[in-house]
Amino acid sequence: AALILVSHVADGATVPSWTAVANAADDPKTEGLGTPPRPVILGARLPDNSTEQPTPTETVGHWLEQSPQKEKAVEGENVVFSCLLKPPSRGLEVKWVNQQVEADLQVLVENQTVEGGGYSGRAFLSGDLQVGDASMTLLNVTSNDYGIYFCNVTLPSGETLKGPGTKLSIRKGLGLFGMEESVGTIIGVVVAAVGVMVGLVTIIVPQFREKLMCLKK
């Protein structure tokens with residue numbers, strides 16, 4: 001059967017379509033007319049203003065990297081809580097919260113220290129928000145600063161992200177010989193040292209006198 005290429009328009013584009021017709025040689029009406037001509041292929045052409053649509057770009061989500069998971073500090077030390085937004089973004093608002101057994105304490109709100117919360121003058125953002133660094137530094141920690149510190153970052157879109165948290169444990173300050181520092185402890189250490197010195201003098205001085213007497217003889 002001979003195939004003749006015709007075209008039809010679908011959705012504004014010219015698309016090729018094949019239509020089969022009876023073989024002219026088998027048709028009694030065309031008997032004696034010779035071999036039918038070879039089919040002519042008509043090319044299909046897209047409109048000049050037709051362009052291929054680009055694949056839409058996926059929206060990249062944000063997340064927080066907060067570290068370390070656990071932190072130990074001695075009273076009086078400074079602690080840095082790392083909090084990084086991935087990928088970075090600008091126009092951020094940061095809130096740090098200390099979750100304790102009794103209650104949740106607000107440390108920083110809208111990048112500012114909360115007044116009257118015990119953190120005034122000690123907690124501040126130490127990272128560069130322009131590159132998504134919302135890290136916080138806490139100065140001169142005390143035993144009351146224990147708890148789990150959570151980093152909360154609000155994006156310009158209004159979406160708020162919460163970090164996994166950093167558990168902070170505080171140890172008492174250590175004094176001489178690793179003992180807890182107190183007035184009583186210091187006095188006890190001094191008295192013990194004086195006692196040891198007196199005992200050594202009591203033992204050494206008589207022996208020294210005996211040897212001196214021997215030399216004189």
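Hi everyone. Let me start with one residue: Glu65 has a relative accessibility of 36%, so it counts as partly exposed. Before I go on, please keep in mind that this is a predicted model.

Who is the partner of Glu65? Glu65 makes a salt bridge with Lys86, and the closest N and O atoms are 3.2 Å apart. Glu65 sits in strand E3, residues 63-67, and Lys86 in strand E5, so this salt bridge ties together parts that are 21 residues apart in sequence. Lys86 is partly exposed as well, with a relative accessible area of 28%.

How many salt bridges does the count come to? It comes to 2 salt bridges. The other pair to look at is Arg122 with Asp145, whose side chains meet at 2.9 Å, N to O. Here we are in loops: Arg122 lies between strand E8 (112-113) and strand E9 (123-125), and Asp145 between strand E10 (136-138) and E11, so the pair ties together parts that are 23 residues apart in sequence. Are these two residues buried or exposed? Arg122 is buried, because its relative accessible area is 14% and the cut-off for buried is under 20%. Asp145 is buried too, with a relative accessible area of 3%.

Now a step back to the whole chain. The protein has 1 helix and 13 strands. Going along the sequence, the pattern reads β-β-β-β-β-β-β-β-β-β-β-β-β-α. Of its 217 residues, 21% count as buried.

Let's return to strand E5 for the cysteines. The count comes to 1 disulfide, and that link joins Cys83 to Cys151, with 2.2 Å from S to S. The angle about the S-S bond is -80 degrees, and the link of Cys83 and Cys151 is left-handed. Which parts does the link hold together? Cys83 belongs to strand E5 and Cys151 to strand E11, residues 147-154, so the disulfide ties together parts that are 68 residues apart in sequence. Both Cys83 and Cys151 are buried.

On to the rings. The structure holds 2 aromatic pairs. One of them is Phe81 with Trp96, a tilted pair at 5.9 Å centre to centre, with 50 degrees between the planes. That pair links distant parts of the chain: Phe81 is in strand E5 (residues 79-86) and Trp96 in strand E6 (residues 93-99), 15 residues apart. Phe81 and Trp96 are both buried. Which residues do the ring pairs link into a cluster? They are Phe81, Trp96 and Tyr149.

There is another ring to point out while you have the model open. Lys162 lies over the face of Phe150, 4.5 Å from the ring centre.

Last stop, the surface. Which residues make the nonpolar surface patch? Val196, Met197, Leu200, Ile203 and Ile204 do, and the patch covers about 500 Å². Take Ile203 as an example: it is found in helix H1, residues 183-216. Ile203 is exposed, because its relative accessible area is 53% and the cut-off for exposed is over 50%.

To pull strand E5 together before we chat: Lys86 in that strand pairs with Glu65 of strand E3, Cys83 of the strand is joined to Cys151 of strand E11, and Phe81 of the strand pairs with Trp96 of strand E6. Thanks for listening, and I'm happy to go back to any of these residues on the screen.

Note on methods:
Residues are numbered from 1 along each chain as its sequence is written. This is a predicted model: local features need pLDDT of at least 70, side-chain atom pairs count only at pLDDT 80 or more; totals for chains, interfaces and linings use all residues. Side-chain values use heavy atoms; hydrogens and water are left out. Rings of Phe, Tyr and Trp (its six-membered ring) pair if their centres lie within 6.5 Å; planes under 30 degrees apart count as stacked, over 60 as edge-to-face and the rest as tilted. Helices (H or I, at least four residues) and strands (E, at least two) are DSSP runs, numbered from the N terminus. Buried means under 20% relative accessible area, exposed over 50%, partly exposed in between (1.4 Å probe, protein chains only). A charge sits over a ring if NZ of Lys or CZ of Arg is within 6 Å of the ring centre and within 35 degrees of the ring normal. A disulfide is a pair of cysteine sulfur atoms within 2.5 Å. Patches are made of residues with over 30% relative accessible area and no salt bridge: like charges are joined within 9 Å, nonpolar side chains (Val, Leu, Ile, Met, Phe, Trp, Tyr) within 5 Å. Accessible areas come from the Shrake-Rupley method with a 1.4 Å probe; for residues, only the protein chains shown count as cover. A salt bridge is a side-chain nitrogen of Lys or Arg within 4 Å of a carboxyl oxygen of Asp or Glu.
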